[in-house]
Amino acid sequence: MPPPPTPAARPAPTLPDELIEEVFLRLPPDEPSSLVRASLASSFWLGLLTGTSFSVRYREFHDAPPMLGFFYSWLHADRPSDEGESPVQRFAFTTKFGARIPDVVEWEDYEALDCRHGRVLFENPFGCPAPMFVWDPMTGCTRYLERPDGCWRNGATVVCAVRGCDHRLCDGGPVRVVFFTTGDGDGCVAHASVALLEMDDAWNESSDLDLELELEWTLSTGLELEARRAFIPEIMPPVLIKDALYYMLSIVDGVHDMAILKYDMASDGLSLIDLPDVRSNGLPLKDHSFIPMAMGGGNLGFAQVDGLTLNLWSGSFQTGAEGLASWTQHRVVDLKNLLPIQNPNKSLRLIGSMEGSDIIFVTTDLGIYQISLKSLMWKKLWKSEKFSALIPYMSFYNPQERINPYDEDH
């Protein structure tokens, strides 16, 4: 007897479109390859995931953009001759994403000075007469520029210039480039030089360095520092809180001291903020022992390391006052019992923080780690290296971009 006929297969049940979108909204932003794979499944999903409506909702749902990689700089004496096979020198991908990398840039000649709101500011650190440039890894847009005369290399910053932007979707808008200068003579006077740089896609295909933009720089009112010399140590990007940038500043006037230089972009004014008197408590005050941070409620704070102990300070401002009212040491963290450490006699170094979060980056004798200060959860990012600074690249990803073959494999 012949076998009974096989019943016809039932079509797979489908979810309503609105539920499909709700599922996609919950895909983790720090794994952009998930969005790419989903967009390749069908033309409908591709249209959904690359549409403006989903893009806006996805960014609102996840709020802060994720870190997709990081730029780094070496302590100059420890810079290696071979820095690996990454197409962008001194950049580490922490996840796969399709960065649009200009072919015309000699990446081995450049180093990132700052990265914020999805754009990166580069300069040639080797003294060559090469222009600086700003690069948007998501769009590939690149703009070349000459710095203003007398600016500090380590005081260069790039920020989104779109009024009212929440910085979840800054691609394609103009940026503000900020440099700091000091004058010689009878006193040390700090200035901020500021210019507006358009980043529209119409220039993306251009590879001619002659198209370097002639920028109109505006100079802020000077701030007398009452010191023989002042400078921003190494490459340490500032912290942005509301409309103000906060830099660590080295001051030399007989003795070496540190302070925080504030630039208010709304008022175009500079001011100096004294650090708490940590030396009276026997704590060190030197390069890489502390970094400024954005605290909860939009307040300024800083992290300071003494050996294997992390001290966290927060500052409070008086209403309507220009200066800082007081510093409060609100937390002490014993990193010896938190991180893998082989040599307890070797001090840790602070090399950066993640803006808009509670994450800092530290180096130990066994590696480079990111630490969440709220949960004290940590993650190893890299093998042990003598980095001068770690600058996170944070952005949401568009599934239309190609996946980059370079992944973390350290």
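In this predicted model, helix 1 buries Ile 20, Glu 21, Phe 24 and Leu 25. Viewed along the axis of helix 1, these buried residues lie within an arc of 140°, so they line one face of the helix. They pack against helix 2, helix 3 and helix 4.

**Helix 4**

The buried residues of helix 4, which spans residues 52-62, are Phe 54, Ser 55, Tyr 58 and Arg 59. Because they occupy an arc of only 130° around the axis, they sit on the same side of helix 4. Thr 52 and Ser 53, on the other side of helix 4, are exposed. The cover over the buried residues of helix 4 includes helix 1 (17-25), helix 2 (33-39) and helix 3 (43-49). Immediately after helix 4, Asp 63 adopts a positive phi of about 65°.

**The chain as a whole**

The chain contains 4 helices and 25 strands. Of its 410 residues, 51% count as buried. The chain exposes about 20,100 Å², and carbon and sulfur atoms supply 49% of that area. Among contacts between residues at least 6 apart in sequence, 57% join residues at least 24 apart.

**Nonpolar cores**

The largest nonpolar core has 23 residues, and those touching the most other members are Phe 71, Phe 97, Phe 122, Trp 135 and Tyr 393. At least two residues of this core come from each of strand 1 (67-74), strand 2 (91-93), strand 3 (111-116), strand 4 (119-123), strand 5 (132-135) and strand 25 (387-394). Apart from this core lies another, of 22 residues, among them Val 159, Leu 225, Leu 245 and Met 265.

Phe 71 has an extended list of contacts even when residues up to four places away in sequence are not counted. Among the residues touched by Phe 71 are Val 88, Arg 90, Phe 91, Ala 112, Cys 115, Val 120 and Phe 122. Trp 135, Ala 389, Leu 390, Ile 391 and Tyr 393 are also touched by Phe 71.

**Two buried loop residues**

Asp 136 belongs to the loop between strand 5 and strand 6 (142-145). With a relative accessible area of 1%, Asp 136 is buried. Its side chain reaches the backbone nitrogen of Met 138 at 3.0 Å.

Gly 173 is located in the loop between strand 7 (157-160) and strand 8 (175-183). Its relative accessibility is 12%, and Gly 173 therefore counts as buried, the limit for that class being under 20%. Setting aside neighbours within four places in sequence, Gly 173 contacts Arg 119, Val 162 and Met 199. The C-alpha atoms of Gly 173 and Ala 161 are 7.4 Å apart in space, while the two residues are 12 apart in sequence.

**Antiparallel strand pairs**

The following table lists three antiparallel pairs and one facing residue pair from each.

| Strand pair | Bridges | Facing residues |
|---|---|---|
| Strand 17 (residues 290-294) and strand 18 | 5 bridges | Ala 294 opposite Leu 300 |
| Strand 21 (residues 349-353) and strand 22 | 4 bridges | Leu 350 opposite Val 362 |
| Strand 22 and strand 23 (residues 368-372) | 5 bridges | Ile 359 opposite Ser 372 |

Strand 18, residues 300-306, is largely enclosed by the rest of the structure, because 6 of its 7 residues are buried. Strand 17 and strand 18 form a hairpin with 5 residues between them, and Gly 297 in the turn has a positive phi of about 80°.

Strand 22, residues 359-363, is mostly covered, with 5 of its 5 residues buried. In a regular strand, side chains alternate between the two faces of the sheet. On one side of strand 22 are Ile 359, Phe 361 and Thr 363, and on the other are Ile 360 and Val 362; all are buried, and both faces are thus covered.

Strand 22 takes part in two hairpins. In the hairpin of strand 21 and strand 22, 5 residues lie between the strands, and Gly 356 takes a positive phi near 80°. The hairpin of strand 22 and strand 23 has 4 residues between the strands.

Note on methods:
Residues numbered from 1 in each chain as written. Predicted model: local features only at pLDDT ≥ 70, side-chain atom pairs only at ≥ 80, totals over all residues. Heavy atoms only, no water. Buried < 20%, exposed > 50% of the residue type's maximum accessible area, 1.4 Å probe, protein only. Pairing = 2+ DSSP bridges. Contact = heavy atoms within 4.5 Å. Arc of directions from axis to C-beta. Core = buried A, V, L, I, M, F, W, Y, C linked by side-chain atoms within 4.5 Å. Areas by Shrake-Rupley, 256 points an atom, 1.4 Å probe, with all protein chains shown as cover. Polar contact = N/O pair within 3.5 Å; in protein donor to acceptor, adjacent residues only side chain to side chain.
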